Amino acid sequence: MVNLYIHERREGDLAILDLKGRIRISGGTLALHKSIRCLAEEGKTKILLNLAGVTHIDSTGLGELISSHVTLTNKGGQIKLVHLTERLQDIMTITELVTVFDIYHNDPDALGSFKSYLLSIVEPQSVFM
């Protein structure tokens with residue numbers, strides 16, 4: 001039984017991982033861990049996780065989300081979540097992870113949040129004439 005399918009898409013320098021299935025100790029968590037770490041090693045540190053197809057997440061899966069968040073933050077990147085099911089939204093609220101992750105309900109808002117993040121870190125350049 002396959003626990004988790006991961007489909008990777010690119011939107012410029014942003015990696016979008018469409019997840020479908022279960023993120024749990026018996027395989028799904030390891031697959032997610034490997035996918036995110038490989039992207040980070042390639043320098044792809046802006047990642048959007050589409051969780052619309054996730055039917056279950058256990059404590060190990062939540063731990064992997066937190067670990068990935070820390071890894072990417074330490075590399076100057078970000079991980080954001082989009083399309084949480086009602087069940088996942090409840091879990092994120094109960095565990096107070098809604099205060100840790102940027103969570104969006106639709107793609108345009110999620111994608112736009114990365115653009116505003118990029119604009120906010122650009123330093124002004126002085127021009128000498």
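Reader: Let's start with S113. Where is its place in the structure?

Author: Happy to begin there. This is a predicted model, and in it S113 sits in helix α4, which covers residues 107-121.

Reader: How should I judge S113, buried or exposed?

Author: The general idea is to compare the relative accessible area with a cut-off: under 20% is buried. S113 has a value of 9%, so it is buried.

Reader: Which backbone atom lies 2.6 Å from a polar atom of the S113 side chain?

Author: That is the backbone oxygen of A110. Looking further along the chain, and leaving aside residues up to four places away in sequence, S113 touches K80 and Y104. Keep K80 in mind, as we will meet this residue again.

Reader: Let's turn to charged pairs, then. How many salt bridges does the structure hold?

Author: There are 6 salt bridges. One of them joins the side chains of E42 and R10, with N to O at 3.4 Å. Here E42 belongs to the loop between α1 (28-41) and β3 (46-57), while R10 belongs to strand β1 (residues 4-11), so the bridge ties together parts that are 32 residues apart in sequence.

Reader: How do I read the accessibility of E42 and R10?

Author: Above 50% a residue is called exposed, and between the two cut-offs it is partly exposed. E42 has 51% relative accessibility and therefore counts as exposed. R10, at 39%, counts as partly exposed.

Reader: Which side chain meets E64 in a salt bridge?

Author: The partner is R37, at 2.9 Å from N to O. This pair links distant parts of the chain: E64 is in helix α2 (residues 59-74) and R37 in helix α1, 27 residues apart. E64 and R37 are both buried.

Reader: You promised K80 would return. With which residue does K80 form a salt bridge?

Author: With D102, where the closest N and O atoms are 3.6 Å apart. Because D102 lies in strand β5 (residues 102-104) and K80 in strand β4 (residues 78-82), the pair ties together parts that are 22 residues apart in sequence. The accessibility reading goes as before: D102, at 33%, is partly exposed, whereas K80, at 3%, is buried.

Reader: Which residues are joined into one network by salt bridges that share partners?

Author: E8, R10 and E42 are joined that way.

Reader: Those strands make me curious about the sheet. What is the order of its strands?

Author: First the general idea: strands of a sheet pair through backbone hydrogen bonds, either parallel or antiparallel. In this case there is an open sheet of 5 strands, ordered β1-β2-β3-β4-β5, and the pairing is mixed. Strands β1 and β5 are the edges, each pairing on one side only. On average, neighbouring strands of this sheet are turned by 25° against each other, with direction ignored.

Reader: How many bridges join β3 to β4?

Author: You will find 5 bridges there, and β3 and β4 run parallel. For a landmark along that pair, look at K46, which stands opposite Q78 in β4.

Reader: And the helices? Which strands does α1 touch as it packs on the sheet?

Author: Helix α1 touches β1, β2 (14-23), β3 and β4, and its direction makes about 175° with that of β2. Helix α2 lies across β2, β3 and β4, running at about 180° to β3.

Methods
Residues are numbered from 1 along each chain as its sequence is written. This is a predicted model: local features need pLDDT of at least 70, side-chain atom pairs count only at pLDDT 80 or more; totals for chains, interfaces and linings use all residues. Side-chain values use heavy atoms; hydrogens and water are left out. Helices (H or I, at least four residues) and strands (E, at least two) are DSSP runs, numbered from the N terminus. Buried means under 20% relative accessible area, exposed over 50%, partly exposed in between (1.4 Å probe, protein chains only). A polar contact is a pair of N or O atoms within 3.5 Å; within protein, one must be able to donate a hydrogen and the other to accept it, and residues adjacent in sequence count only if both atoms are side-chain atoms. Contact means heavy atoms within 4.5 Å. A salt bridge is a side-chain nitrogen of Lys or Arg within 4 Å of a carboxyl oxygen of Asp or Glu. Two strands pair if DSSP finds at least two bridges between them. Axes are lines fitted to C-alpha atoms, for helices over the stretch in contact, and angles run from 0 to 180 degrees between N-to-C directions.
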